[in-house]
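Trainee: Please take one part of this model and go through it closely. I would like to look at the ligand site and at what lies around it.

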Amino acid sequence: MNRQKSRRNFIKKTAIAGAGMSVLPNLTFGNNENQEKLRLGLIGVGLRGTNHLKNVLLRDDVLITAICDIDQTRIDLSLQSIEKSGMPKPKVFGKNEYDYRNLLNLKEVDAVIISTPWLWHTRMAKEAMMAGKYTGLEVSAANTLEECWDLVNAHEDSGTHLMILENVNYRRDIMAVLNMVRQDIFGELLHFRCGYQHDLRFVKLNDGKTAYGKGVEFGEKGISESKWRTQHSVARNADVYPTHGVGPMATMCNINRGNRFSSITSNATKSIGLHNYIVKNGGREHPNAKVKFKQGDVITSTIETTMGETIIVTHDCNLPRPYSLGFRVQGVNGLWEVDGNRMYIEGKSEPHKWDKADEWLKKYDHPLWKKYGEHAMGAGHGGMDFFVINAFVESAKQNIAPPLDVYDAAAWSAITPLSEVSIENNGEPQDFPDFTRGLWIKREPYNWIKDTY
Ligand SMILES: NC(=O)c1ccc[n+]([C@@H]2O[C@H](COP(=O)([O-])OP(=O)(O)OC[C@H]3O[C@@H](n4cnc5c(N)ncnc54)[C@H](O)[C@@H]3O)[C@@H](O)[C@H]2O)c1
């Protein structure tokens with residue numbers, strides 16, 4: 001790794017140094033007279049990118065110096081918000097799909113947030129790191145094992161950090177349960193369940209005019225995610241969106257920090273949901289009724305870790321169902337299940353009876369949520385978007401390793417290509433590469449809790 005790179009002059013003197021350490025979010029609202037601002041470029045200002053923009057505009061320690069999107073309407077919307085906030089007008093890019101490279105050439109960009117379609121993630125992130133820009137990357141980070149390695153190699157060759165912007169790791173209940181895990185309330189951990197269980201039929205298929213308009217178009221005729229996401233369901237039978245579920249579980253069991261994913265087996269059901277939706281809303285004669293979707297409607301993977309835990313990950317986005325990430329965290333003393341909002345801790349709960357989880361989650365509420373929860377609530381996705389952006393900005397300002405790093409991005413995203421091969425081979429186990437090249441053995445565990453106490 002190129003350690004010679006000069007650290008940026010906005011590094012805070014109080015930086016928590018050292019690769020692999022997590023960062024204590026350190027809000028600077030109204031108190032940054034002596035501190036330079038992080039100069040940020042946004043690549044992709046679609047639905048998610050403008051969400052990040054909105055949250056960044058609420059901070060006084062960030063200056064948006066450049067934005068890039070190939071869709072002029074998204075650029076116009078973003079410029080309006082920036083102007084309204086009183087921030088100076090940023091440089092604008094998006095003349096073609098590779099214009100982001102001109103943004104990456106700017107000296108006045110210290111960090112970038114990439115919120116583009118999945119197939120752009122790795123190539124943009126890799127080039128951003130090579131250009132020395134502290135990189136925030138939306139989920140999922142990579143599509144193939146080669147791309148997972150590309151991210152790791154770009155980080156190690158350039159010495160530039162990448163944070164995977166997995167907001168669910170910052171959800172209030174997740175952070176409370178992480179707090180319980182760190183305080184050993186569940187005892188030694190054995191088993192986790194999680195997944196992305198979200199009826200996205202109306203996102204993958206729409207009327208091409210509004211992102212959630214009832215319709216059955218996608219691809220060139222679609223809008224927002226239906227423009228690009230749906231094609232993945234046509235082309236791949238894989239868990240294409242694993243990180244919202246697996247990210248929080250991986251943090252709890254210290255993946256890449258004393259533990260690692262060792263192997264995965266995956267199975268898929270047949271594919272019916274999207275076809276039925278097209279027939280129901282567009283009619284049997286609609287051309288899209290002929291489309292063959294490769295992705296099974298419910299995809300179930302079981303991951304084994306080197307420390308002897310199992311993690312069941314589900315992808316379920318093409319069928320009618322209420323949203324749930326289906327979390328379960330289980331140790332020798334008891335377990336939490338998000339569905340049913342229930343907790344059971346031996347010796348504390350009435351034997352064989354569930355407690356309502358609320359009291360437990362309140363008792364172990366994470367100190368960060370206690371402190372900033374009220375402020376965070378307006379930020380989107382129940383507040384977690386505030387914390388993920390805060391962790392990114394604070395890590396980037398200090399130019400230190402982020403809490404969720406490139407090794408996490410690679411290991412979590414590897415579920416997509418590995419599940420694909422496993423499904424194709426009737427559930428045959430697939431080994432995870434060791435993206436840390438052996439360093440998982442001695443990397444320090446996540447210390448979000450230690451840092452805040
Ligand atoms: N963490 C979360 O909760 C969350 C929520 C929604 C989306 N996402 C992720 O965010 C990313 C974006 O999703 P979205 O919903 O905003 O999609 P979107 O389609 O609304 O936005 C993507 C934007 O990227 C632009 N774009 C495409 N190619 C480009 C290029 N080469 N150069 C510049 N701009 C380009 C598009 O014009 C579009 O405006 C995806 O990875 C998605 O999975 C995460």
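**The ligand site**

Mentor: The largest share of the shell around the ligand comes from H4, which gives 4 residues. The model is predicted, and that applies to each value below. H4 spans 118-130, and it is one of the elements that give two or more residues to the shell; the others are helix H1 (47-57) and helix H8 (225-235). In total, 26 residues surround the ligand, and the closest are Arg-48, Asp-69, Val-139, Ser-224 and Glu-225. Sorted by class, the shell holds 10 nonpolar, 9 polar and 7 charged residues.

Several polar atoms can be placed next to the ligand. In the side chain of Trp-118, an N or O atom is 2.9 Å from an oxygen atom of the ligand. The side chain of His-121 likewise has an N or O atom 3.0 Å from a ligand oxygen. With Glu-97 the partner is a polar backbone atom, and a nitrogen atom of the ligand is 3.0 Å from that atom. On its own the ligand has 840 Å² of accessible area, and the protein covers 91% of this.

The site also has a place in the domain layout. Domain 1 (3-169) and domain 2 (171-368 + 406-441) both contribute residues to the shell, so the ligand lies between them.

Now the sheets. One is an open sheet of 6 strands with parallel pairing, in the order E3-E2-E1-E4-E5-E6. Its edge strands are strand E3 (91-93) and strand E6 (162-164), each of which pairs on one side only. From one strand to the next, the twist averages 25°. Within this sheet, strand E1 (residues 38-43) pairs with strand E4 (residues 111-114) in the parallel sense, over 4 bridges. Ile-43 stands opposite Ile-114 in E4.

A further open sheet has 9 strands, ordered E14-E13-E12-E11-E7-E10-E9-E8-E15, and its pairing is mixed. Strand E14 (355-356) and strand E15 (430-431) are the edge strands here, each pairing on one side only. Strand E8 (residues 261-268) and E15 run antiparallel and are joined by 2 bridges. Across this pair, Ser-263 stands opposite Asp-431 in E15.

To return to the ligand: the shell draws on both domains, with H4 giving the largest share.

Notes:
Residues numbered from 1 in each chain as written. Predicted model: local features only at pLDDT ≥ 70, side-chain atom pairs only at ≥ 80, totals over all residues. Heavy atoms only, no water. Near = heavy atom within 4 Å. Polar contact = N/O pair within 3.5 Å; in protein donor to acceptor, adjacent residues only side chain to side chain. Areas by Shrake-Rupley, 256 points an atom, 1.4 Å probe, with all protein chains shown as cover. Nonpolar A, V, L, I, M, F, W, Y, C, P; charged D, E, K, R; others polar. Domains from an automatic or database assignment. Pairing = 2+ DSSP bridges. Axes fitted to C-alpha atoms, helices over the stretch in contact; angles between N-to-C directions.
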